[in-house]
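Please walk through the charged pairs, the nonpolar packing and one serine site of this protein. Short notes follow the structure.

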Amino acid sequence: MKKQALIYIFLLLLGSLTMAQDFLSWQMNDRYFTAQAGFGFASYRGELKHNGSIQNEISNLSLAMEARLLPKVGTRVELGRYSIRGHDKHAPDSSYAQQRNLSFSSSNYEVSVQGIFYMKKYAGAYYKRHKVDPYLLAGVGATFISPTAELAGEQYSLYDIQTENTEYSRFTMIFPVGAGLKWKINPFLNFATEITYRFTLSDYLDDVSGNYPQNPGPGADLLSNRKDEVGVINQEAYDRLVAGAPRGDQQDKDAYLFLNLKFEFFLPPGLFKGK
């Protein structure tokens, strides 16, 4: 997977370099740069996710800068903050996961570089652009994760506690892929709706991946195995949830999804040119 990720990054950078050379040869007499601000809803995919719904509350914010490099190609640099959560209590009644009774919440940060592929050709001037502009996107980036869990009304850092006696990296690469629509509001402003799926190289967004520890340390003894908090609701599962037994699925990496609403403003021409 790491080798595939490096190939993916190399091809993306190579493509960006080629497009940038064409872009720099243009005369900057049009508004090719835009600034974007957005908000939306997040949904994580992992061991503690038991339905396909998106979180009800606003759970991600983003700022971005985009440039149109070619008539149907652009590039974007985006910064974001998002919150995700999962809980075994939402698993089917009397299931293995419900007996496991694990949960997490996390507020994370991410940065990414994305290639934007428009379905329609650029009209040649920003104010002549299409009223509705559909696009696809793909990119590469990184996110910083910070899973926590609640116990007796207090939040605990699961990374610090090491619930599986494993010191994993809090940084992981992400690979956003998605689609969106831009609507022209006036000559200088667009409104956009966008859905993106973030693949990751980590299985620890939710702090659940490996096995129950043999000798859990302080805090981990309470937060690693929480089956007794709900009593016996599945005897077979209860008997299996012991030290050394699987706690998660190491083969299936975690991911997360965004459904975003964005405002895009066309910046004045020549803003980034030297005098």
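## Salt bridges

The whole structure holds 13 salt bridges. The model is predicted.

Arg-76 has two acidic partners described here. With Glu-66, the closest N and O atoms are 3.3 Å apart. This pair links distant parts of the chain, with Arg-76 in strand β3 and Glu-66 in strand β2 (residues 60-70), 10 residues apart. Arg-76 counts as buried because its relative accessibility is 0%, and buried means under 20%. Glu-66, at 4%, counts as buried too.

The second partner is Glu-194, at 3.2 Å between the closest N and O atoms. Glu-194 lies in strand β9 (residues 189-200) and Arg-76 in strand β3, so this salt bridge ties together parts 118 residues apart in sequence. Glu-194 and Arg-76 are both buried.

## A shared network

Glu-78 and Lys-262 meet through their side chains in a salt bridge of 2.7 Å, N to O. Glu-78 sits in strand β3 and Lys-262 in strand β10, 184 residues apart. Glu-78 has 2% relative accessibility and therefore counts as buried. Lys-262 has 3% and counts as buried as well.

Salt bridges with shared partners join these residues into one network. Its members are Glu-66, Arg-76, Glu-78, Glu-110, Lys-182, Glu-194, Arg-198, Lys-262 and Glu-264.

## Nonpolar cores

The largest nonpolar core has 22 residues. Tyr-44, Leu-48, Ile-84, Phe-104, Leu-223 and Tyr-256 touch the most other members. Two or more residues come from each of β1, β3 (73-87), β6 (147-151), α3 (158-161), α4 (220-223) and β10 (255-266). α3 gives the most, with 3 residues.

Apart from this core lies another, of 5 residues. Among them are Ile-116, Tyr-135, Leu-137 and Ala-192.

Ile-84 has nonpolar and polar neighbours alike in its list of contacts beyond four places in sequence, including Ala-42, Tyr-44, Gln-55, Phe-104, Ser-105, Asn-108 and Tyr-256.

## The Ser-43 site

Is Ser-43 buried or exposed? Its relative accessibility is 0%, so Ser-43 counts as buried. The residue is found in strand β1 (residues 33-45).

Which polar partners does the side chain of Ser-43 reach? One is the side chain of Lys-49, in a polar contact of 3.4 Å. Another is the backbone oxygen of Ser-53, at 2.9 Å.

Leaving aside neighbours within four places in sequence, Ser-43 is in contact with Lys-49, Ser-53, Ile-54, Gln-55, Tyr-256 and Leu-257. Tyr-256 also appears among the core residues that touch the most other members.

Conventions: Residues are numbered from 1 along each chain as its sequence is written. This is a predicted model: local features need pLDDT of at least 70, side-chain atom pairs count only at pLDDT 80 or more; totals for chains, interfaces and linings use all residues. Side-chain values use heavy atoms; hydrogens and water are left out. Helices (H or I, at least four residues) and strands (E, at least two) are DSSP runs, numbered from the N terminus. Buried means under 20% relative accessible area, exposed over 50%, partly exposed in between (1.4 Å probe, protein chains only). A polar contact is a pair of N or O atoms within 3.5 Å; within protein, one must be able to donate a hydrogen and the other to accept it, and residues adjacent in sequence count only if both atoms are side-chain atoms. Contact means heavy atoms within 4.5 Å. A nonpolar core is a set of buried Ala, Val, Leu, Ile, Met, Phe, Trp, Tyr and Cys residues joined through side-chain atoms within 4.5 Å. A salt bridge is a side-chain nitrogen of Lys or Arg within 4 Å of a carboxyl oxygen of Asp or Glu.
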